[in-house]
Amino acid sequence: MFWELVATVFAGLGAAGLALSARWISRGRLARWWIPVSAGVGMIAFQIYSEYTWFDHQKSLLPAGVEVVRSSEQTAFWRPWSYVFPQTLRFVAADFTRADVNQINPELVRLPLYFFERRMSAIAVTTIIHCGQQARADEHGQLQLPAPGETVANDWYRLEPNDPLLQACR
């Protein structure tokens, strides 16, 4: 986040420099207030650019075998352009290369998930996928793993048949 602040300041300085050059070329006919206005517009434009390119940039940094399984587009009233072009500010990625089949119940697959959010550190959570019943549960100390043929408990979340997390079952 520190480097983003530095880049924002330099974007403002660059825009102010362009306005200063335009003022010099126009031999002073361009009003002096264009310089700070240009700096502000440059910083805002860089922040908007940064917000919209964050998701694609983060996705490109994921290692092979880690795939985005969910993303969340958001709008906000203080960003009116986001109603026309929603921004992806958080997503979930699954590491299918580290999927691990349970030895006792082969219908259970242990899968690491990574939760990414703009301006936050990534959070890793291990989830258990029940391939036969199309359900998932986050791994924790009180989670009861079902025996083969047993139904899952109420604290498991049902998955849609086309849910990307079910790729771990293949």
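How many positive and how many negative side chains does the protein chain have, and how far apart do the centres of the two sets lie? In this predicted model, there are 15 positive and 15 negative side chains. The centre of the positive set and the centre of the negative set are separated by 19 Å.

The overall architecture may be taken next. The protein chain contains 2 helices and 7 strands, and their order along the sequence is α-α-β-β-β-β-β-β-β. The radius of gyration is 24 Å, well over the 15 Å given by the globule rule for 170 residues, so the protein chain is more spread out than a compact globule. The C-alpha trace spans about 85 × 30 × 25 Å along its principal axes. Of the 170 residues, 32% count as buried. The accessible surface comes to about 11,300 Å², and carbon and sulfur atoms contribute 60% of this area. Among contacts with a sequence separation of 6 or more, 44% are between residues 24 or more positions apart.

The helical part of the chain offers a starting point for a closer reading. Helix α1 covers residues 2-25 and helix α2 covers residues 34-61, with Arg 27 in the loop between them. The phi angle of Arg 27 is near 55°, a positive value in a residue other than glycine. The side of the question that concerns solvent is also settled: Arg 27 counts as exposed, because its relative accessibility of 74% is over the 50% cut-off. From the UniProt record, an unreviewed entry, comes the listing of residues 31-49 as "transmembrane region". In the model this span is 84% helix and 0% strand, and its end C-alpha atoms lie 27 Å apart.

The strands follow. Arg 90 belongs to strand β2, which comprises residues 87-95. Its relative accessible area is 35%, and Arg 90 is therefore partly exposed, a class that lies between the cut-offs of 20% and 50%. Which residues does Arg 90 contact, once its neighbours within four places in sequence are left aside? They are Trp 54, Ser 71, Ser 72, Gln 74, Phe 116 and Glu 117. For one of these partners, Glu 117, the C-alpha atom is separated from that of Arg 90 by 4.2 Å, although the two residues are 27 residues apart along the chain.

Beyond strand β2, Thr 97 occupies the loop between β2 and β3, the latter being residues 100-101. Is Thr 97 buried or exposed? With a relative accessibility of 57%, Thr 97 counts as exposed. Apart from neighbours within four places in sequence, Thr 97 is in contact with Ala 64 and Gly 65. The C-alpha atoms of Thr 97 and Val 66 are 7.2 Å apart, with their positions 31 residues apart in sequence.

A second arginine with a positive phi angle remains to be described. Arg 119 lies in the loop between β4, residues 108-117, and β5, residues 123-130. Its phi is near 65°, again a positive value in a residue other than glycine. Arg 119 has a relative accessible area of 40% and is thus partly exposed, whereas Arg 27, at 74% relative accessibility, counts as exposed.

Notes
Residues are numbered from 1 along each chain as its sequence is written. This is a predicted model: local features need pLDDT of at least 70, side-chain atom pairs count only at pLDDT 80 or more; totals for chains, interfaces and linings use all residues. Side-chain values use heavy atoms; hydrogens and water are left out. Helices (H or I, at least four residues) and strands (E, at least two) are DSSP runs, numbered from the N terminus. The radius of gyration is taken over C-alpha atoms; the globule rule is 2.2 Å times the number of residues to the power 0.38. Buried means under 20% relative accessible area, exposed over 50%, partly exposed in between (1.4 Å probe, protein chains only). Contact means heavy atoms within 4.5 Å. Accessible areas come from the Shrake-Rupley method with a 1.4 Å probe; for residues, only the protein chains shown count as cover. Lys and Arg count as positive and Asp and Glu as negative; His and the chain ends are not counted. The place of a charge is taken as NZ of Lys, CZ of Arg, CG of Asp or CD of Glu. UniProt positions are given in the numbering used here, feature names are shortened, and annotations may be inferred rather than shown by experiment.
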